[in-house]
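Reader: I would like a close look at one part of this model, the strands that pair with one another and what packs around them. Please set that part in the context of the whole chain and say where the prediction should be read with caution.

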Amino acid sequence: MTPTLPAVPYSPAVEHRDADEDATIAEMVKVFTDMAHTVAAHEGHAHRAVHAKGHALLRGRFRVLDGLSPELAQGLFAAPGEFDALVRLSSPPAEQLPDTVSTPRAMAVKILDVPGARVEGGDELHSQDFLMVNGPAFNTPGIGGFLRSAKLLAATTERMPRTKQVISATLRGTEAALEAVGGQSASLKALGGEPQHHPLGETFFTQVPFRYGDYIAKFSWVPVSPALVALTGTKLESEPDTQRDAISAFFAAPGAVAEWELRVQLCRDLEKMPIEDASVVWPEDLSPYLPVGRLVVEAQSSWSTDAEATEDALAFAPWHALAAHQPLGNLNRARRVVMAASREFRSRFNRCPIHEPTSTAGTSDTLR
């Protein structure tokens, strides 16, 4: 479908801060760092405050597509090019839950050695990171609802693991029934009702908007290689490490190739495609997702005994970005502060400085 409306030009005026935003973000910092403290005290190791359980850490190659239209040839995508990339697949909570508690899947990609002016408020100089989950919209409009959800999550962190598994199984059944009649619930999925599907067959979304050079957009990773497309909707057995095992088996196969297409959805109507309300799915009939790049990951060891040490030295964050791809909206503004506090605590507790690689050659054997 050819879009009929022009893309909305980016301007700082598209963002709107509530009067109590700073206070809400400060409270979020406390909630998430307290969760990180609880997990660290219980497990003897500090993990990420969200998406703590890693399932794979991979190296790949990202290519900007040739012949993009002027609307799409913005920022990182202004000219064709190829870059090394790191890929982390994970699940949301702050604790290392078994996969029998089935929560949404996440895919974080770090594109390395990206030239250009950096975003103000960022804290590294080399990468362009894209953090996505397998749903098009967030389960609350903004940081107020997110804070309420985080408080409920904090109250159960490192408690009742067996009860959580039973609840998760029940919620998965409810979600399956809902999807059978054409619906779905982001809240049920976040609480443990995520269908137990193969993560490599999922489509991932930023859910929140970003600057796209002269415009505004959301991003998505879409599986396009035949081997990944075949996994879409494939059910997995509910085992403690079912995602890690499934990903490892895929990339251990000789000649395995996984390819995702990076697509962008340009904002064309600020009322129907709001910046500050992340719970709204931007309508694709108004603005379809359009391809701008390809990520290729070939056969390799996706996880090993030193993966935890490798992960501790890495950080994936939306504010690791070019100025042309500045994160937008209240959730992104909160992520800059909360994720920085989480990284600082994780680095200090584990006595492991976090550093940004400038190529995959500097990473551990996990990625070789």
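Author:

**The paired strands and their surroundings**

Of the 368 residues in the protein chain, 56% count as buried. The model is a predicted one, with an average pLDDT of 85 for the protein chain and a score of at least 70 for 84% of the residues. Eight helices and nine strands make up the list of elements in the protein chain. Among contacts between residues at least 6 apart in sequence, 78% join residues at least 24 apart. The protein chain exposes about 15500 Å², and 56% of that comes from carbon and sulfur atoms.

The strands can be followed from β2 through β1, β9 and β8 to β7. β1 and β2 run antiparallel and are joined by 11 bridges; one pair is Arg-59 with Leu-86 in β2. β1 also runs antiparallel to β9, with four bridges between them, and there Val-64 has Gly-293 of β9 as its bridge partner. Nine of the 12 residues of β1 are buried, and the strand is mostly covered.

From β9 the pairing goes on to β8, again in the antiparallel sense, over eight bridges. Glu-261 is matched with Arg-294 in β9. β8 in turn pairs with strand β7 (residues 215-223), antiparallel, over seven bridges, and Ala-217 stands opposite Leu-266 of β8. β8 is largely enclosed by the rest of the structure, because eight of its 10 residues are buried.

Helix α6 (residues 242-252) belongs to this picture. Its buried residues are Thr-242, Gln-243, Arg-244, Ala-246, Ile-247, Phe-250 and Phe-251. The cover over them includes β1 (53-64), β2 (81-91), β8 (257-266) and β9 (290-298), along with α5 (226-229).

Next comes the nonpolar packing. The largest nonpolar core has 60 residues, and those with the most contacts inside it are Phe-62, Leu-76, Phe-77, Trp-221 and Leu-295. Helix α1 (residues 21-43) gives the largest share of this core, six residues. Another core, of 10 residues, lies apart from it and has Val-8, Ile-275, Trp-282 and Leu-286 among its members.

Leu-295 shows how the large core draws on separate stretches of the chain. Leaving aside neighbours within four places in sequence, Leu-295 is in contact with Arg-61, Phe-62, Ala-85, Val-87, Met-107, Val-109, Trp-221, Ala-258, Glu-259 and Trp-260.

A charged side chain is also worth a look. Lys-110 is found in strand β3 (residues 106-111). Lys-110 counts as buried because its relative accessibility is 0%, where the cut-off is under 20%. Its side chain reaches the backbone oxygen of Ala-315 at 2.6 Å. Not counting residues up to four places away in sequence, Lys-110 touches Asp-84, Ala-85, Leu-86, Ser-127, Gln-128, Asp-129, Ala-315, Phe-316, His-320, Glu-356 and Pro-357. Leu-86 is thus both a neighbour of Lys-110 and the bridge partner of Arg-59.

Two stretches call for caution. Over residues 159-193 pLDDT stays under 50, although the model has 58 contacts beyond four places in sequence for them. Residues 364-368 also stay under 50, with 17 such contacts. Where pLDDT is low, the predicted coordinates should not be read in detail.

Key
Residues are numbered from 1 along each chain as its sequence is written. This is a predicted model: local features need pLDDT of at least 70, side-chain atom pairs count only at pLDDT 80 or more; totals for chains, interfaces and linings use all residues. Side-chain values use heavy atoms; hydrogens and water are left out. Buried means under 20% relative accessible area, exposed over 50%, partly exposed in between (1.4 Å probe, protein chains only). Helices (H or I, at least four residues) and strands (E, at least two) are DSSP runs, numbered from the N terminus. Contact means heavy atoms within 4.5 Å. A polar contact is a pair of N or O atoms within 3.5 Å; within protein, one must be able to donate a hydrogen and the other to accept it, and residues adjacent in sequence count only if both atoms are side-chain atoms. Two strands pair if DSSP finds at least two bridges between them. Accessible areas come from the Shrake-Rupley method with a 1.4 Å probe; for residues, only the protein chains shown count as cover. A nonpolar core is a set of buried Ala, Val, Leu, Ile, Met, Phe, Trp, Tyr and Cys residues joined through side-chain atoms within 4.5 Å. pLDDT is the predictor's confidence in each residue, from 0 to 100.
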